[in-house]
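Me: Got a minute to walk me through this one? I'd like the layout and then some side chains.

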Amino acid sequence: MYVWSKQIVIGLLAVFAILLTLFLAHGLTAASSNLKVHTTRWITLNYFGLVIWIFVWMIDQARVRGKNVWLWLVPYLFAPLPVLMLFILFLQRKLKT
């Protein structure tokens, strides 16, 4: 759990934002995709399976640490990777004693 550092998370979030901007800009000018329908469905199915699996992991980690994970559900549905990184940072913050 402590392999994540703030520098890694901030860097990954920045790369995510840049790539998302590039993909959205490129997607607006591109014509139809050359991928076959079944390939697209297979990729989508795997993506949603991974999203569910990671959220179950988040539930487990929050339960172990006594935190509420359900507040993270709505943002997680819209941007899973950045929310996962922020969730990990939230769990790693030092508690005031």
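What follows is a chat about this predicted model.

Me: OK, basics. How many helices and strands are there in the protein?

Reply: Four helices and zero strands. Along the sequence that reads α-α-α-α. Keep in mind that this is a predicted model.

Me: And what percentage of the residues count as buried?

Reply: Of the 97 residues, 20% count as buried. The accessible surface of the protein is about 7,900 Å², and carbon and sulfur atoms hold 73% of that.

Me: What share of the contacts with a separation of 6 or more comes from residues 24 or more positions apart?

Reply: That share is 63%.

Me: Let's go helix by helix. Is H4 mostly covered or mostly open?

Reply: Mostly covered: ten of the 13 residues in H4 are buried. Among them are Pro80, Pro82, Val83, Leu84 and Met85, and the list also includes Phe87, Ile88 and Gln92.

Me: How far does H4 reach from end to end?

Reply: Helix H4 covers residues 80-92 and reaches 18 Å from its first C-alpha to its last. That is close to the 18 Å expected at 1.5 Å a residue.

Me: Take Ile88, then. Why does Ile88 count as buried?

Reply: Because its relative accessible area is 2%, and buried means under 20%. Ile88 is found in helix H4. Its C-alpha is 9.8 Å from that of Ala62, and those two residues are 26 apart along the chain.

Me: Switching to charges. How many salt bridges does the count come to?

Reply: The count comes to one. The side chains of Arg63 and Asp60 form it, at 2.8 Å from N to O.

Me: Where do Arg63 and Asp60 lie?

Reply: Both are in helix H2, residues 37-65. They are three residues apart, about one turn of the helix.

Me: How exposed are the two partners, Arg63 and Asp60?

Reply: Arg63 is exposed, with a relative accessible area of 60%. Asp60 has 31%, so it counts as partly exposed.

Me: Now aromatics. How many aromatic pairs are there in the whole structure?

Reply: A search of the whole structure gives five aromatic pairs. One of them is Trp72 with Phe90: the ring centres are 5.5 Å apart and the planes sit at 50°, so that pair is tilted.

Me: Which parts does the pair of Trp72 and Phe90 tie together?

Reply: Trp72 is in the loop between H2 and helix H3 (73-78), while Phe90 is in helix H4, so the pair ties together parts 18 residues apart in sequence.

Me: Are Trp72 and Phe90 buried or exposed?

Reply: Trp72 is buried, at 18% relative accessible area. Phe90 comes out at 23%, so it counts as partly exposed; the cut-off for buried is under 20%.

Me: Which residues do ring pairs link into a cluster?

Reply: Phe55, Trp70 and Tyr76.

Me: Back to that loop for a sec. Where does Asn68 sit?

Reply: Asn68 is in the loop between H2 and H3. It counts as partly exposed, at 40% relative accessibility. Asn68 and Met58 are ten residues apart along the chain, and their C-alpha atoms are separated by 9.9 Å.

Me: Last topic, the surface. Which residues form a nonpolar patch there?

Reply: Val15, Ile18, Leu19 and Leu22 do. Together they have about 360 Å² of accessible area.

Me: And which helix is Leu22 in?

Reply: Leu22 lies in helix H1, which runs over residues 6-29.

Key: Residues numbered from 1 in each chain as written. Predicted model: local features only at pLDDT ≥ 70, side-chain atom pairs only at ≥ 80, totals over all residues. Heavy atoms only, no water. Patch = residues over 30% accessible without salt bridge, like charges linked within 9 Å, V, L, I, M, F, W, Y side chains within 5 Å. Areas by Shrake-Rupley, 256 points an atom, 1.4 Å probe, with all protein chains shown as cover. Salt bridge = Lys/Arg side-chain N within 4 Å of Asp/Glu carboxyl O. Helix = DSSP H or I, 4+ residues; strand = E, 2+ residues; numbered from the N terminus. Buried < 20%, exposed > 50% of the residue type's maximum accessible area, 1.4 Å probe, protein only. Contact = heavy atoms within 4.5 Å. Expected span 1.5 Å × (residues − 1). Phe/Tyr/Trp six-rings, centres within 6.5 Å; stacked < 30°, edge-to-face > 60°.
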